[in-house]
Amino acid sequence: MSGEPVFAALSDPTRRALLTRLADRGPAPATQLAAELPISRQAVLKHLEALREAQLVTSAREGREVLYTVTPEPLADAVGWIADVGAQWDSRLAALQAQFSQPRTK
Amino acid sequence: MELGKAGRETVVIQSVERELLLPAAEPDEAWDSVADPERLGDWLGGDVELDPVPGGEFRISFDNGGEREGFVEELDSEAHRFSFWWRQPDDELSTRVEISLAEAEDGIVVRVVETSPMATLDLTGIPLPGRGAQGPTALALAFA
């Protein structure tokens, strides 16, 4: 399913905390994020990389720092997941309805 | 960004819900369509194998190719509720499906809910990126 990488990236509480922080208070460098969370800068970088791979954040160099920013695009994947899964159930339930709308023997 | 509000909105993002009314259907007859693997497979579009106990294996090979595997969470013949988890073999995460029946005045209502693991976000009130003009509107459309 198309939303999968997003869901996987969000399955980790630290990554959710990072995302919350970035969504709430805007772009920040890893050093600042590490100062605000009870984990090392190394660990923060690892999690940011996972979020970046899922395209939940982007990174851009600004002066001597790399700033991380939340991106809205992956939500399109989540919407796509809903559309896909919804269409699948529509078609399955149509098949169920057809079963019940015609006489049949058990 | 309001955390609580965002948290509630994420419920919509990762859940798909459908209802179907089967007019004049008998409860037991409708339940057979869910609990009998062969009849379940007929409308899911594949061959279903399942072990009808909590934790029991659930597997479906779709007629049009592809398969899902997972396990039974609960198959309650009295409450007329069947829940299971499934995933494609190369997927990391499973989704949860609950199929339940309810008697209505004019027949039996079949309700299906498929939920992705993102539902955990709702518990923690995490805001998702991109809530804004596009977010909820697009979601509402997709959900409708």
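# Exercises on a predicted two-chain model

With a relative accessibility of 36%, A:E36 counts as partly exposed. The exercises below start from this residue and concern a predicted model.

## Exercise 1. A salt bridge in chain A

Identify the salt-bridge partner of A:E36 and state which parts of chain A the pair connects.

*Solution.*

Step 1. The partner is A:R21, and the closest N and O atoms of the pair are 2.5 Å apart. The distance satisfies the 4 Å limit for a salt bridge.

Step 2. A:R21 belongs to helix α2 (residues 13-25) of chain A and A:E36 to helix α3 (residues 30-36) of chain A; the pair therefore ties together parts that are 15 residues apart in sequence.

Step 3. A:R21 has a relative accessible area of 8% and is buried, whereas A:E36 is partly exposed at 36%. The threshold for buried is under 20% relative accessible area.

Step 4. Over all chains, the structure holds 11 salt bridges.

## Exercise 2. The make-up of chain A

Describe the order of secondary-structure elements in chain A, its burial and its exposed surface.

*Solution.*

Step 1. Chain A has 5 helices and 3 strands. Read from the N terminus, the order is α-α-β-α-α-β-β-α.

Step 2. Chain A has 106 residues, of which 44% count as buried.

Step 3. Among contacts in chain A with a separation of 6 or more, 48% come from residues 24 or more positions apart.

Step 4. The exposed area of chain A is about 5500 Å², and carbon and sulfur atoms supply 51% of it.

## Exercise 3. Salt bridges in chain B

Which strands does the salt bridge between B:E17 and B:R111 link, and which residues form a network of salt bridges with B:E57?

*Solution.*

Step 1. The side chains of B:E17 and B:R111 meet at 3.1 Å, N to O. The pair links distant parts of the chain, with B:E17 in strand β1 (residues 15-23) of chain B and B:R111 in strand β7 (residues 107-115) of chain B, 94 residues apart.

Step 2. B:E17 is partly exposed at 34% relative accessibility, and B:R111 is partly exposed with a relative accessible area of 28%.

Step 3. B:E57 forms a salt bridge with B:R59, in which the closest N and O atoms are 2.6 Å apart. B:E57 is partly exposed at 45% relative accessibility, and B:R59 is partly exposed at 24%.

Step 4. The network of salt bridges links B:E57, B:R59, B:E69 and B:R87.

## Exercise 4. Aromatic pairs around B:F58

Classify the pairs that B:F58 forms with B:F82 and with B:F84, and locate them in the chain.

*Solution.*

Step 1. Over all chains, the structure holds 9 aromatic pairs. In the pair of B:F58 and B:F82, the ring centres are 6.2 Å apart and the planes stand at 50 degrees, so the pair is tilted.

Step 2. B:F58 lies in strand β3 of chain B and B:F82 in strand β5 (residues 81-87) of chain B, so this pair ties together parts that are 24 residues apart in sequence.

Step 3. B:F58 and B:F84 form a stacked pair, with 4.2 Å from centre to centre and 10 degrees between the planes. B:F84 is in strand β5 of chain B, so its pair with B:F58, in strand β3 of chain B, ties together parts that are 26 residues apart in sequence.

Step 4. B:F58 is buried at 0% relative accessibility. B:F84 is likewise buried, with a relative accessible area of 0%, and B:F82 is buried too.

Step 5. These rings belong to one aromatic cluster, formed by A:W89, B:W43, B:F58, B:F62, B:F82, B:F84 and B:W86.

## Exercise 5. Burial in helix α2 of chain B

Which residues of helix α2 (residues 27-35) of chain B are buried, and how wide an arc do they cover around the axis?

*Solution.*

Step 1. The buried residues are B:P27, B:A30, B:W31, B:S33 and B:V34.

Step 2. They span an arc of only 150 degrees around the axis, which puts them on the same side of α2(B).

## Exercise 6. Confidence

Where in chain B is the confidence lowest, and where is it highest?

*Solution.*

Step 1. Chain B has an average pLDDT of 77, and 70% of the residues score at least 70.

Step 2. Confidence in chain B is lowest in helix α5 (residues 134-143), at a mean of 32, and highest in strand β3 (residues 57-62), at 97.

Step 3. The pLDDT is below 50 over residues 1-13 of chain B, a stretch with 32 contacts in the model beyond near neighbours in sequence. It also stays under 50 over residues 127-144 of chain B, for which the model has 39 contacts beyond four places in sequence.

Step 4. The model scores ipTM 0.73 and pTM 0.59.

Key: Residues numbered from 1 in each chain as written. Chains lettered and ligands numbered in written order. Predicted model: local features only at pLDDT ≥ 70, side-chain atom pairs only at ≥ 80, totals over all residues. Heavy atoms only, no water. pLDDT = per-residue confidence, 0-100. Helix = DSSP H or I, 4+ residues; strand = E, 2+ residues; numbered from the N terminus. Contact = heavy atoms within 4.5 Å. Buried < 20%, exposed > 50% of the residue type's maximum accessible area, 1.4 Å probe, protein only. Arc of directions from axis to C-beta. Areas by Shrake-Rupley, 256 points an atom, 1.4 Å probe, with all protein chains shown as cover. Phe/Tyr/Trp six-rings, centres within 6.5 Å; stacked < 30°, edge-to-face > 60°.
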